[in-house]
There are 2 protein chains.
Amino acid sequence: MNISESELTVITTLWQQSPMTIGQIIERVQQHTDWHDNTIKTLVSRLLKKNHISRVKDGRQFFYSPITQQNEVAEVESKQLLNRFFKGKVSPLLAHFAENKKISQQELNEIESIIQELKNNIANGDKND
Amino acid sequence: MNISESELTVITTLWQQSPMTIGQIIERVQQHTDWHDNTIKTLVSRLLKKNHISRVKDGRQFFYSPITQQNEVAEVESKQLLNRFFKGKVSPLLAHFAENKKISQQELNEIESIIQELKNNIANGDKND
DNA sequence: AGTCATAGTTTACAAATGTAGTCACAAAGA
DNA sequence: TCTTTGTGACTACATTTGTAAACTATGACT
């Protein structure tokens, strides 16, 4: 099952720090939303039901942790985006951002070094595969 | 208002070719879905209501065209993805794909030339801004 | 003229989503 | 002991989305 937009906000806090109690989750989520406590509780239960997070009881409270990891979700969502708009490839996305001048000089440098590293890996036959 | 997943499928055919009659839209969408005619009609009316497409009557038929353009939607969706998972930047996304070895040698070359061009533009002060 | 195929409009209905309210219980404090 | 407060479970309700069915109007064909 999928993670909805607002559920994502909740599980994101758990990706940043876990385990947390419901109180901690509510506190952190409310730092950048105006959602009611109960709303956040509902989102947590939906994530539980969808099996994206788990919890263990310690004393009288539960401590919540993510099951589904951020990079898994990022992977799926990225692929969907690429398929929907960029023929399934990264380069057209990059080209899009390039056209719209949304890439800073510093980011350019970062991208260059990522590319450079990739090329080196390929040149070396990439023994770590 | 937002474009839903299945609405996107419909408007995508209009991005590829427009204007089209409803019959043409249905035909093209059904080339890669098994949606019922009426389903597609409903999606078209929702896109109309949301003002993402327009239509003009010619004789007794309407000819439909997109109002919202693909690159606008791609822009918004891309930004959302980057914000949600990659700190709002392209490079971490690229790094993610790099790690997962989802980038072919050819794409690497494409990326390199995009980068190269960007650097040249910056070096020239990018007079076309 | 009658029938069929197409296009267009309106209505339907379940599941998912956003956004809570209500109720019960137990630990903590007055 | 009584009350407050945090936690958890269950219920609620409007909107959006997916997925059509039903009905209407109008050319096209027989």
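Which element gives the largest share of the surface near DNA strand C? Helix 3 of chain A does, with 5 residues. The model behind this report is predicted.

## DNA strand C

There are 20 residues around DNA strand C. Those that come nearest are A:Ser4, A:Ser6, A:Thr39, A:Thr42 and B:Phe62. By class, the surface near this strand has 8 polar, 7 charged and 5 nonpolar residues. On the DNA side, 58% of the strand C atoms within 4 Å of the protein belong to sugar or phosphate. The rest belong to bases.

Two serines of chain A approach phosphate oxygens of DNA strand C. For A:Ser4, a polar side-chain atom lies 2.5 Å from such an oxygen. For A:Ser6, the distance from a polar side-chain atom to a phosphate oxygen is 2.4 Å. A:Thr42 reaches a base instead: a polar atom of its side chain lies 2.5 Å from a base nitrogen of strand C. Both chains supply elements with two or more residues at this surface. From chain A come helix 1 (5-16) and helix 3 (37-49). From chain B come helix 2 (22-30), helix 3 (37-49) and strand 2 (61-66).

## DNA strand D

How many residues surround DNA strand D? The count is 19, and the closest are A:Phe62, B:Ser4, B:Ser6, B:Thr42 and B:Lys50. Of the strand D atoms that come within 4 Å of the protein, sugar and phosphate account for 59%. The residues of this surface divide into 8 polar, 7 charged and 4 nonpolar.

Three contacts with DNA strand D can be set out by residue. A:Phe62 uses its backbone: an N or O atom there lies 2.7 Å from a phosphate oxygen. A:Lys41 places a polar side-chain atom 3.1 Å from a base nitrogen. B:Arg46 has a side-chain N or O atom 2.8 Å from a base nitrogen. The elements giving two or more residues to this surface are helix 2, helix 3 and strand 2 (61-66) of chain A, with helix 1 and helix 3 of chain B. Helix 3 of chain B gives the largest share, 4 residues.

## Helix 3 of chain B

Helix 3 of chain B has 13 residues. From first C-alpha to last, the helix reaches 18 Å, close to the 18 Å expected at 1.5 Å a residue. Its buried residues are B:Ile40, B:Leu43, B:Val44 and B:Leu47. Why do these residues line one face of the helix? Seen down the axis of helix 3 of chain B, the buried residues fall within an arc of 100 degrees, so they line one face. In general, an α-helix has 3.6 residues a turn, so residues three or four places apart point the same way.

B:Thr39 lies in this helix too. Is B:Thr39 buried or partly exposed? B:Thr39 is partly exposed, with a relative accessible area of 36%. B:Thr39 and B:Ile26 are 13 residues apart in sequence. Their C-alpha atoms are 9.3 Å apart in space.

## Backbone exceptions

Most residues other than glycine have a negative phi, and most peptide bonds are trans. Each chain has a cis peptide bond to report. In chain A, a cis bond joins A:Ser18 and A:Pro19, with omega about -5 degrees. A:Pro19 is found in the loop between helix 1 and helix 2 (22-30) of chain A. In chain B, a cis bond joins B:Ser18 and B:Pro19, and omega is again about -5 degrees. B:Pro19 sits in the loop between helix 1 (5-16) and helix 2 of chain B.

Positive phi values also occur. Phi of A:Lys87 is near 55 degrees, although the residue is not a glycine. A:Lys87 is found in the loop between helix 4 (70-85) and helix 5 (90-99) of chain A. This lysine, A:Lys87, is exposed, with a relative accessible area of 76%. B:Asn51, also not a glycine, has a positive phi of about 65 degrees. B:Asn51 lies in the loop between helix 3 and strand 1 (53-58) of chain B.

## Domains of chain A

Chain A is divided into domain 1 (5-66) and domain 2 (86-123). How far apart do the C-alpha centres of the two domains lie? The centres of domain 1 and domain 2 of chain A lie 35 Å apart.

Definitions and conventions. Residues are numbered from 1 along each chain as its sequence is written. Chains are lettered from A and ligands numbered from 1 in the order in which they are written. This is a predicted model: local features need pLDDT of at least 70, side-chain atom pairs count only at pLDDT 80 or more; totals for chains, interfaces and linings use all residues. Side-chain values use heavy atoms; hydrogens and water are left out. A residue is near a molecule or strand if one of its heavy atoms lies within 4 Å of it. A polar contact is a pair of N or O atoms within 3.5 Å; within protein, one must be able to donate a hydrogen and the other to accept it, and residues adjacent in sequence count only if both atoms are side-chain atoms. Ala, Val, Leu, Ile, Met, Phe, Trp, Tyr, Cys and Pro count as nonpolar, Asp, Glu, Lys and Arg as charged, and the others, Gly among them, as polar. Domain bounds come from an automatic or database domain assignment. The expected span of a helix is 1.5 Å times one less than its number of residues. Buried means under 20% relative accessible area, exposed over 50%, partly exposed in between (1.4 Å probe, protein chains only). The arc is that of the directions from the helix axis to the C-beta atoms.
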